[in-house]
Amino acid sequence: MRKTEDKGKGEGAVAGEAGNVIKMAKNGQIRAMGLDKLTSFPQRRPASEQLKNSTIMKDLSKYRNIGIFAHVDAGKTTTTERILKLTGKIHKIGEVHDGAATTDFMDQEQERGITIQSAATTCFWDDHQFNIIDTPGHVDFTIEVYRSLKVLDGGVGVFCGSGGVEPQSETNWRYANDSAVARLIFVNKMDRIGADFYRVVDQVRTVLAAKPLVMTLPVGFEDGFTGVIDLLTRKAWMWDDSGDPTKYTIEDIPADMVDKVEEFRTTLIETAVEQDDAAMEKYLDGEEPDMETLKACIRKGTIALDFFPTYCGSAFKNKGVQLILNAVVDYLPSPTEVPPQPEVDMEGNATGEFAIVDASKPLRALAFKIMDDKYGALTFTRIYSGSIKKGTNIMNSFTGKTERVGRIVQMHADNREDVEVAQAGDIVALLGIKSVQTGHTFCDPAHPATLEPMVFPDPVISIAVAPVDKANAEKLGNALGKMIQEDPSFRVETDEESGETILKGMGELHLDIKVDIMKRTHGVEVTVGAPQVAYREAITKRLEDSYTHKKQSGGSGQFAKIDYIIEPCEPGEGYSFVSKVVGGNVPKEYWPAVDKGFRTSLVKGVLAGYPMVDMKVTLTDGGFHAVDSSAIAFEIAARAAYRQSVPKAGVQLLEPIMKLDVFTPENHVGDVIGDLNRRRGMIKAQESTPTGVRVKADAPLSDMFGYIGDLRTMTSGRGQFSMEFSHYAACPRNVAEKVIEDVKKREAEKS
């Protein structure tokens, strides 16, 4: 169990009337345990009839809370659209490229053809209720995927048939592993040029270190892709060219594929029966398991994450999606089949208690996303235990406050339907909840508890914004307060010297979208400064030192003496404090004050004012005065010791290094690599694909601004790239000197 970290220490408040709102939002988000924006929807028979009057326990074995995740442009949203069409949730399919996809309802999503925030919907298939979340693929919005996976029971990983396992696929897969989410694999776009199902299956093994269990084989490739073969039944599902997903026939296997089908089917059965000793013994004796036993074995192995059932198809051409829906029912877990959520104390330590999925138990629910719309704030909530009724009071265990639930709604993208009660296993949105942040736990006031927390990544890029006039200045604070509530990876602070409002995020696109939302959704016009890199500072030498704080000005004075060692930690270890004082020279009650003095000083480094990281402080000895010593005296001593000693410890500037994955046509590889070298990039690997070359590299963020424009120019518009934070590394001296000079220049201009 990792303790939550206070990511917001030292950040200023936003000026104006929103200062308190933003402080509160940031403090809440620090401990946030939350997840993304999920929702549920009406069904083919009205949800109101089933849920509004429902006071009995639902059959949770018929529930599937699933997410759909993938790299950019692998077809997640298109797959979701086909699922909604097949389940009767929508009657007309909307296409991403037309800006008409159901779950891409933001203006920015429709214009750019990308998913920015997770969207949830509920539909029914084979008398099972699916709560589905369509997640973003762009790395700047990874936090949406992370939060979603934390509240889901199962997932569908979508991979492009020609692109294969791409960078964001790896990140999302890692998040799913961290959350122990059972998954299916859907190799999409089998009709695309360069599509190769067998190559993608091999990449799942080698790149993701996962075990794919092939369940279907494609009939034909690229333009010749006409259907899929179900290995369990040895039948081919063949679609016509009408584009209607229901226009298919189930036929015998094509003669030229019989041998391949038997080869893959044998592997499937041998892998599945490993889950059941009795089935394994019978199989070794020459008796093939019946269909029910085989499916039970596959289900068991899928839920245990031993393997991942793998399918293929083309969502855009409406081929193969039915088998995915059947597989969700057959192999992905219900809410009662996943490990129960652990409960923790306010410091993030496990208590040994769990939220049991049962409507009759005390309420345990997680607020995983806050979204503001024209009707008010929606609190998206996953209920793990107990139930919530409209008009009842629930307790927020983080704030200790009890709030009344005004309305409970099931969501279909941006549409809603009121329900009277929601129970364990449900994903709903609550209205009327005021003092809540992403990751807070709702519980029964008579049985308080807190669910396991989440830790969100630190931003790596920032921009300064300023309102164009006084009227916009008044609206800016309110808008930022709401946006911070919605997105834990978005931070805001105010430069106390200049008064500038600083927005911090995960990438250029992330902040670009935030500014756009500010303008169009909240009506705030701002001017935007150039992007700034989130540098860090660190010491490189071990240093022993001593500091004595004395002050006498009439009455009681102040006295504190500390002997200490400061030394660098391993990269990423952060700050740590240890006391080795023996004999009572520094009484134990003053140790926390020394710790606090050093820790709060780290916010401002000595080179250029960037936060200091990866430093260990050891208190070795000291002295105190029976009358004049106090906690504040020792804290002041530690602050002064920091200023005295750190400049002598070989301070260096650290810069964020990004992991890049660049796709380029083969004839432009040389230009792309040469350009990356000029940007101080370090080439890690080159991989040939059917349509070009993927270049993997590490490069400093400061040299990557505006890269997409240069890449498109070099590759005649065909290049693409993905970039995510990797680690911090020492800046070269010339770069560090330039950064420090720029900081001093900005400070001079402010004064």
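## A walk through the predicted model

Let's begin with a quick search: the whole structure holds zero disulfides, a disulfide being a pair of cysteine sulfur atoms within 2.5 Å. Two of the cysteines sit out of reach of solvent all the same: C297 is buried at 4% relative accessibility, and C312 is buried at 1%. Here, buried means under 20% relative accessible area, exposed means over 50%, and partly exposed lies in between (1.4 Å probe, protein chains only).

A word on what you're looking at. This is a predicted model, in which local features need pLDDT of at least 70 and side-chain atom pairs count only at pLDDT 80 or more, while totals for chains, interfaces and linings use all residues. Residues are numbered from 1 along each chain as its sequence is written, and side-chain values use heavy atoms, with hydrogens and water left out.

Now the big picture. The protein chain has 18 helices and 38 strands; these are DSSP runs numbered from the N terminus, with helices being H or I of at least four residues and strands being E of at least two. Of its 751 residues, 56% are buried. The chain exposes about 30,900 Å², with carbon and sulfur atoms supplying 48% of that; the areas come from the Shrake-Rupley method with a 1.4 Å probe, and for residues only the protein chains shown count as cover. What about contacts, meaning heavy atoms within 4.5 Å? Among those between residues at least 6 apart in sequence, 74% join residues at least 24 apart.

Let's zoom in on a sheet. Strands β7, β8, β9 and β10 line up in that order as an open sheet of four, with antiparallel pairing. At the edges are β7 (216–219) and β10 (248–251), each of which pairs on one side only. From one strand to the next, the twist averages 25 degrees, using axes that are lines fitted to C-alpha atoms (for helices, over the stretch in contact) and angles from 0 to 180 degrees between N-to-C directions. Further in, β8 (residues 227–230) and β9 (residues 235–239) are antiparallel and share four bridges; strands count as paired if DSSP finds at least two bridges between them. One such bridge joins I229 to A236 in β9.

Another open sheet has three strands, in the order β13-β12-β24, again with antiparallel pairing. Its edges are β13 (350–355) and β24 (450–451), and each has a single partner strand, so one side of each has no neighbour in the sheet. Strand β12 (residues 341–344) meets β13 in the antiparallel sense over three bridges, and Q341 stands opposite A355 in β13.

Just ahead of β24 you'll find P448, in the loop that runs from β23 (441–443) to β24. Is P448 buried or exposed? With a relative accessible area of 52%, P448 is exposed. Leaving aside residues up to four places away in sequence, P448 touches R364, M395 and C443. The C-alpha atoms of P448 and L363 are 8.7 Å apart, although 85 residues separate the two along the chain.

For a contrast, try T310 in strand β11. T310 is buried, with a relative accessible area of 1%. Not counting residues up to four places away in sequence, its contacts include I185, V187, F197, V201 and T216.

Some loops hold a backbone quirk. L305, in the loop between α10 (291–303) and β11 (308–312), has a positive phi of about 65 degrees although it is not a glycine. L305 is partly exposed, at 27% relative accessibility. K189 is not a glycine either, yet it has a positive phi of about 60 degrees. You'll find K189 in the loop between β5 (182–188) and α7 (197–206), where K189 is buried at 17% relative accessible area.

Finally, head to helix α17 (residues 707–714), whose buried residues are Y707, L711 and M714. Viewed down the axis of α17, these buried residues fall within an arc of 65 degrees, so they line one face of the helix; the arc is that of the directions from the helix axis to the C-beta atoms. What covers them? The cover for the buried residues of α17 includes β35 (652–664), α16 (669–678) and β38 (720–730). Just after α17, S716 takes a positive phi of about 55 degrees.

Conventions. Contact means heavy atoms within 4.5 Å.
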